[in-house]
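Student: Could we go through this model together, starting with its packing?

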Amino acid sequence: PPPAGASPGSGALNPFDRRLKRKQKNWAALQAEPAKCDYLREEVRGGGGSRVTASAVASSAPLSSGRTLSGTFPLALDVGSGRGYIAQHLTKETVEKLIQVDIAENALKNAIESEIPTVRVVADEEFLPFKEDTFDLVVSSLSLHWVNDLPKAFREIHQVLKADGVFIGAMFGGDTLYELRCSLQLAELEREGGFSPHVSPFTAVADLGHLLSRAGFNTLTVDTDEIQVNYPGLFEVMEDLQGKYILCMGESNCSWNRKPLLHRETMLAAAAIYQEMYGNSDGSVPATFQIYYMIGWKYHESQAKPAQRGSATVSFGDLAKIEGLLSRGKK
């Protein structure tokens, strides 16, 4: 259950209604043919999402001297696993045993089968029910953007990792659906004299590295990617978001201050603004999904350490002479 005080009155501290999010994800997991609705998860998991799969684990492994390229993770945790999207791209050679955690029991009941021995646990991402130093690997894909206390969630993940364990995650970024948000806000300001959020708030990439560092992670890698989908117009964007992204993936807005409906005139104005500001030459409009990818390690004494301050033997001022020094060395 969410912590005490998670109510509309505490929206400034807890922007999301976690009870509603659980209901949304449970409902979404029961929809017919959910695989048709998972194109975003497929894109993150397949293309750029290789960072969050076994290949990402292998390619990032040399960052730590304590982990070899061919190393196997005896025990891994998938935080906010949903129906088990990441598990499909993990093998027994990479992960020996996997624990899947999600707030929605229906998602775990309808999870996709994997060749890896798997245990499924219903739990909140903000309150992981595991002891310290338990897991060799923690992964999370498109789940943490719904967490109320992201710093705490990162601390929880860091706590359950073993020394030299690695966290690999992906979450929606701050520019996700910026075209839709801007169009709706401008239309509401014009037609209704004010606006309320129709798309949930997201974390800025500039803050992500700081949050991971404060949680205790080192050797950090944070980068971004964008997935752009084109639609005939705003109404098709909204329909597709409600039919696929929102309903089937359980990604409905669960902010406490969300607005229940949009007036018809506001929607027509938003459609015109969307087309005018962001329309493509062929008449279609884009919808952008920004993805943050992150990799962080828990400290271990075997990991590479930065040199002591003042131990450098070359001045930055000598960098301008680098070509001359190199050519002299060849001679």
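Tutor: The discussion below covers a helix, a core and some ring pairs. This is a predicted model, in which local features need pLDDT of at least 70, side-chain atom pairs count only at pLDDT 80 or more, and totals for chains, interfaces and linings use all residues. Residues are numbered from 1 along each chain as its sequence is written, and side-chain values use heavy atoms, with hydrogens and water left out.

Student: Which residues of α9 are buried?

Tutor: Thr266, Met267, Ala269, Ala270, Ala271, Ile273, Tyr274 and Tyr278 are buried in α9; buried means under 20% relative accessible area, exposed over 50%, and partly exposed in between (1.4 Å probe, protein chains only). Helices are DSSP runs of H or I with at least four residues, and strands are runs of E with at least two, numbered from the N terminus.

Student: What does Tyr274 touch?

Tutor: Among its contacts (heavy atoms within 4.5 Å), not counting residues up to four places away in sequence, are Leu180, Leu234, Val237 and Ala287.

Student: New topic: how many aromatic pairs are there?

Tutor: A search of the whole structure finds six. Rings of Phe, Tyr and Trp (its six-membered ring) pair if their centres lie within 6.5 Å; planes under 30 degrees apart count as stacked, over 60 as edge-to-face and the rest as tilted. Phe172 and Phe289 form a tilted pair, 6.3 Å centre to centre with 50° between the planes. Phe172 is in strand β5 and Phe289 in strand β7, 117 residues apart.

Student: Is Phe172 buried or exposed?

Tutor: Phe172 is buried, at a relative accessible area of 0%, and Phe289 is buried with a value of 0%.
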